[in-house]
Protein chains: 4
Amino acid sequence: MKILIWPGSLRQGSLNRKLARAIDAKLFERGVETDHINFRDYDMPLYDGDIEADQGLPAATTALAEKISNCDGLVLVTPEYNFGVPGPVKNAIDWMSRIKPYPTTGKTCFLASAAPGLVGGGRGLIALRPTLSFMGAWLVPDSFSLAQAGQAFGEDGGLVSEDIDNMLDGMLDQFLAAAESLKLS
Amino acid sequence: MKILIWPGSLRQGSLNRKLARAIDAKLFERGVETDHINFRDYDMPLYDGDIEADQGLPAATTALAEKISNCDGLVLVTPEYNFGVPGPVKNAIDWMSRIKPYPTTGKTCFLASAAPGLVGGGRGLIALRPTLSFMGAWLVPDSFSLAQAGQAFGEDGGLVSEDIDNMLDGMLDQFLAAAESLKLS
Amino acid sequence: MKILIWPGSLRQGSLNRKLARAIDAKLFERGVETDHINFRDYDMPLYDGDIEADQGLPAATTALAEKISNCDGLVLVTPEYNFGVPGPVKNAIDWMSRIKPYPTTGKTCFLASAAPGLVGGGRGLIALRPTLSFMGAWLVPDSFSLAQAGQAFGEDGGLVSEDIDNMLDGMLDQFLAAAESLKLS
Amino acid sequence: MKILIWPGSLRQGSLNRKLARAIDAKLFERGVETDHINFRDYDMPLYDGDIEADQGLPAATTALAEKISNCDGLVLVTPEYNFGVPGPVKNAIDWMSRIKPYPTTGKTCFLASAAPGLVGGGRGLIALRPTLSFMGAWLVPDSFSLAQAGQAFGEDGGLVSEDIDNMLDGMLDQFLAAAESLKLS
């Protein structure tokens with residue numbers, strides 16, 4: 001099992017990058033191999049069909065797509081921007097959608113978000129579902145939205161609330177079991 | 001393998017009921033046991049928390065929930081009403097959401113729709129996804145929206161377009177394989 | 001100016017009915033005539049095209065549609081059920097969509113919700129927007145979602161938090177000004 | 001009255017740019033001043049909070065925001081990418097959301113799309129609504145989705161189907177009347 005962790009924020013101090021690290025630690029504890037990217041290493045131009053026609057796909061697009069193709073499951077940890085998917089995340093997905101079959105096809109995908117406010121980024125994850133489903137991903141039914149995330153992490157990077165930590169554990173177990181099963185289907 | 005087929009239209013001559021029959025025939029050919037309900041047999045009042053407090057869940061709710069609990073996969077074939085989920089379908093789901101764990105939890109679910117127009121009911125299926133995901137269902141990434149459905153069926157009830165028929169076959173194979181795999185996870 | 005207030009919950013003790021009352025009081029203070037219905041008085045069967053063909057529209061449908069046609073603006077205060085629009089609300093809308101032009105066409109509409117949890121019902125309001133837009137309503141850009149609504153109301157029925165109360169005041173002023181303007185357009 | 005026309009595709013031969021031109025011609029016939037941008041002139045980096053903290057807003061962001069602030073109404077003509085908002089459009093909106101009040105606040109906004117297939121890009125417009133509403137825009141209830149757009153335009157750039165052309169005329173009249181009314185509210 002190899003799980004790709006994609007934090008959807010470019011800002012280095014992002015709460016979503018913190019949450020991605022906490023998830024990474026939990027997967028490591030379970031003996032799962034992770035590939036945890038820094039989204040900033042995959043800089044792409046804004047999608048433009050003329051660029052694609054002239055120059056083909058950007059190297060960052062094919063590199064990210066290959067990472068996704070090679071994993072057994074994907075964890076996308078992404079903020080909500082203005083009730084929707086962050087532009088940079090959608091832009092990367094739009095570029096990758098030019099590759100057939102889609103790199104996401106058949107991949108089990110777990111969605112998570114963190115935000116300072118009460119809603120925790122959940123509306124952005126809802127907005128992301130139709131796109132990833134269209135691109136062939138099996139989305140874990142539950143997603144994890146961490147509200148008031150500014151106060152949610154301890155010094156060791158873990159979640160301070162035991163209840164919330166247990167909830168995340170349960171979702172990750174469900175994710176890993178499904179990724180294992182769907183790999184064979 | 002036992003697959004529940006739930007046509008979401010109450011109207012007996014509905015194109016969605018026709019599509020449900022076509023899907024049923026395809027599952028039968030594959031040797032899959034189907035349980036194909038008439039939604040009209042599951043008449044529930046409009047959801048009202050006071051009715052629930054006074055009288056508990058309606059018999060139709062527990063009957064439909066039990067059907068879902070007992071199946072290995074669910075095919076929901078439903079029209080789109082006004083860019084959204086039909087009121088009767090949502091009402092049945094809302095009643096069933098009062099049962100914990102949700103009857104839909106862990107069930108693999110394939111969404112289909114039929115409509116006379118060009119769009120084929122696809123916007124209603126998109127609107128349904130967040131609700132069924134919240135209620136624990138594994139949604140097949142692809143969904144099947146049959147446009148111009150008034151002209152789509154032959155005398156034997158099958159789809160006249162070979163291309164569209166093959167597309168549906170591929171989706172059903174994917175659905176059955178996943179339902180089998182996820183049952184074990 | 002005459003504003004119709006439609007609480008979308010059938011349960012008599014609903015937090016959404018409380019919020020509707022608080023909004024009603026604010027409109028009264030502004031000298032605005034309100035028509036505040038009890039949704040339970042508009043009991044309709046589940047939408048079924050065969051019922052419509054045999055018996056026409058239910059009396060409750062035409063009565064509610066007439067209320068909407070006669071108002072200058074609509075306030076819909078509705079819970080979120082399972083990340084979506086409550087079945088009873090969608091069912092009433094689906095029945096009314098059989099009337100052309102739609103009773104909602106050209107009406108300015110303000111959406112509000114209340115819920116015990118942190119999210120406040122906002123996902124249900126997002127799910128409602130495509131439907132009401134399709135049916136011709138001008139939706140006030142902001143909507144009001146009251147989180148932790150169990151603790152939000154004082155003994156006089158008003159909102160205890162001054163900040164939240166001011167926010168609601170601003171939205172209602174925007175709603176009334178737009179309803180006045182759009183009436184003339 | 002000054003209407004900003006923003007085609008959301010960067011590709012110069014885009015069907016959405018063709019549709020934007022057709023709408024521009026219709027507004028010109030009505031004596032309305034238009035400001036029709038080429039989105040390629042507003043090249044922004046992918047949104048990154050660290051860039052914002054270090055360098056402030058990109059010049060293209062403030063330029064586009066100023067265009068929006070100065071118009072009386074906005075026509076956004078945008079393709080659908082993978083059932084969602086194109087990454088470049090969302091990225092521009094995300095950058096502009098850092099300006100308070102949002103440049104879109106109080107602006108009447110008409111959404112249109114064109115696509116080669118049967119659906120016409122309508123799912124992307126539905127995905128755009130929550131974001132623009134959150135950012136204070138008054139969205140015209142109807143939106144215009146041009147299906148099979150590869151065959152839809154005549155040599156003069158207008159729509160060949162008289163029915164579809166009339167439908168668009170009606171929507172634009174409604175848009176202009178509302179933009180006029182809401183300007184005063």
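**A walk through a model with matching chains**

At 1% relative accessibility, Cys109(C) counts as buried. That makes this residue of a predicted model a handy place to begin our walk. Does Cys71(C) count as buried or exposed? With a relative accessibility of 2%, Cys71(C) counts as buried.

You might now wonder about the sulfur atoms of these cysteines. How far is the sulfur of Cys109(C) from the closest cysteine sulfur? The closest one belongs to Cys71(C) and lies 8.6 Å away, which is too far for a bond. To count as a disulfide, two cysteine sulfur atoms have to be within 2.5 Å. Looking through the whole structure, the search finds 0 disulfides over all chains. Cys71(C) fits that result, being in no disulfide, with the sulfur of Cys109(C) as its nearest cysteine sulfur.

Let us turn to charged side chains. The whole structure has 44 salt bridges over all chains. One of them is in chain A, where the side chains of Arg30(A) and Asp169(A) meet with N and O 3.0 Å apart. Why does this pair tie together separate parts of the chain? Arg30(A) sits in the loop between helix 1 (15-29) and strand 2 (33-36) of chain A, while Asp169(A) belongs to helix 6 (residues 162-184) of chain A, so the bridge joins parts that are 139 residues apart in sequence. The partners have their own surroundings: Arg30(A) is partly exposed, at a relative accessible area of 28%, and Asp169(A) is buried, at 19%.

Now find the corresponding residue numbers in chain C. Here Asp169(C) and Arg30(C) form a salt bridge through their side chains, with a distance of 3.0 Å from N to O. Asp169(C) is in helix 6 (residues 162-184) of chain C and Arg30(C) is in the loop between helix 1 (15-29) and strand 2 (33-36) of chain C, so distant parts, 139 residues apart, are linked. Asp169(C) counts as buried at 19% relative accessibility, and Arg30(C) is partly exposed with a relative accessible area of 27%.

Arg30(C) has another partner to show you. Asp173(C) forms a salt bridge with Arg30(C), and their closest N and O atoms are 2.8 Å apart. Because Asp173(C) lies in helix 6 of chain C and Arg30(C) in the loop between helix 1 and strand 2, this pair ties together parts that are 143 residues apart in sequence. At 42% relative accessibility, Asp173(C) counts as partly exposed. Back in chain A, salt bridges with shared partners join Lys26(A), Arg30(A), Asp165(A), Asp169(A) and Asp173(A) into one network.

Next, let us see how chains meet. How many residues of chain A are in contact with chain D? There are 28 of them, touching 28 residues of chain D. The size of an interface is often given as the accessible area lost when the parts come together. Between chain A and chain D, the buried area is about 2300 Å², and carbon and sulfur atoms give 58% of it. On the chain A side, Leu46(A), Asn82(A) and Phe83(A) lose the most area to chain D, together making up 28% of what that side buries.

Polar and charged groups take part here too. The interface of chain A and chain D holds 4 salt bridges. Arg40(A) and Asp50(D) are joined by a salt bridge between their side chains, at 2.8 Å from N to O. Between the two chains, 18 residue pairs are in polar contact. Which helices of chain A each supply at least two residues of the side that touches chain D? They are helix 2 (49-55), helix 4 (87-96) and helix 5 (122-134). Helix 4 of chain A gives the largest share of that side, with 6 residues.

Finally, look at how the copies are arranged. Two copies of a chain are related by a rotation about an axis and a shift along it. A turn of 180 degrees and a shift of 0.0 Å along the axis lays chain A on chain D with an RMSD of 0.0 Å. In chain A, Gly87(A) has the C-alpha nearest the axis, at 2.4 Å. Of the interface residues of chain A, 100% are also interface residues in chain D, so these copies meet through the same surface.

Chain C and chain D can be superposed as well, by a rotation of 180 degrees with 0.0 Å of shift along its axis and an RMSD of 0.0 Å. This is the relation of a two-fold axis. The C-alpha of Ser181(C) is the one in chain C nearest that axis, 2.7 Å from it. For this pair, 100% of the interface residues of chain C are interface residues in chain D too, so the copies meet through the same surface.

Technical notes
Residues numbered from 1 in each chain as written. Chains lettered and ligands numbered in written order. Predicted model: local features only at pLDDT ≥ 70, side-chain atom pairs only at ≥ 80, totals over all residues. Heavy atoms only, no water. Buried < 20%, exposed > 50% of the residue type's maximum accessible area, 1.4 Å probe, protein only. Least-squares fit on C-alpha atoms with pLDDT ≥ 70 in both. Contact = heavy atoms within 4.5 Å. Helix = DSSP H or I, 4+ residues; strand = E, 2+ residues; numbered from the N terminus. Buried area = accessible area lost by both parts, 1.4 Å probe. Polar contact = N/O pair within 3.5 Å; in protein donor to acceptor, adjacent residues only side chain to side chain.
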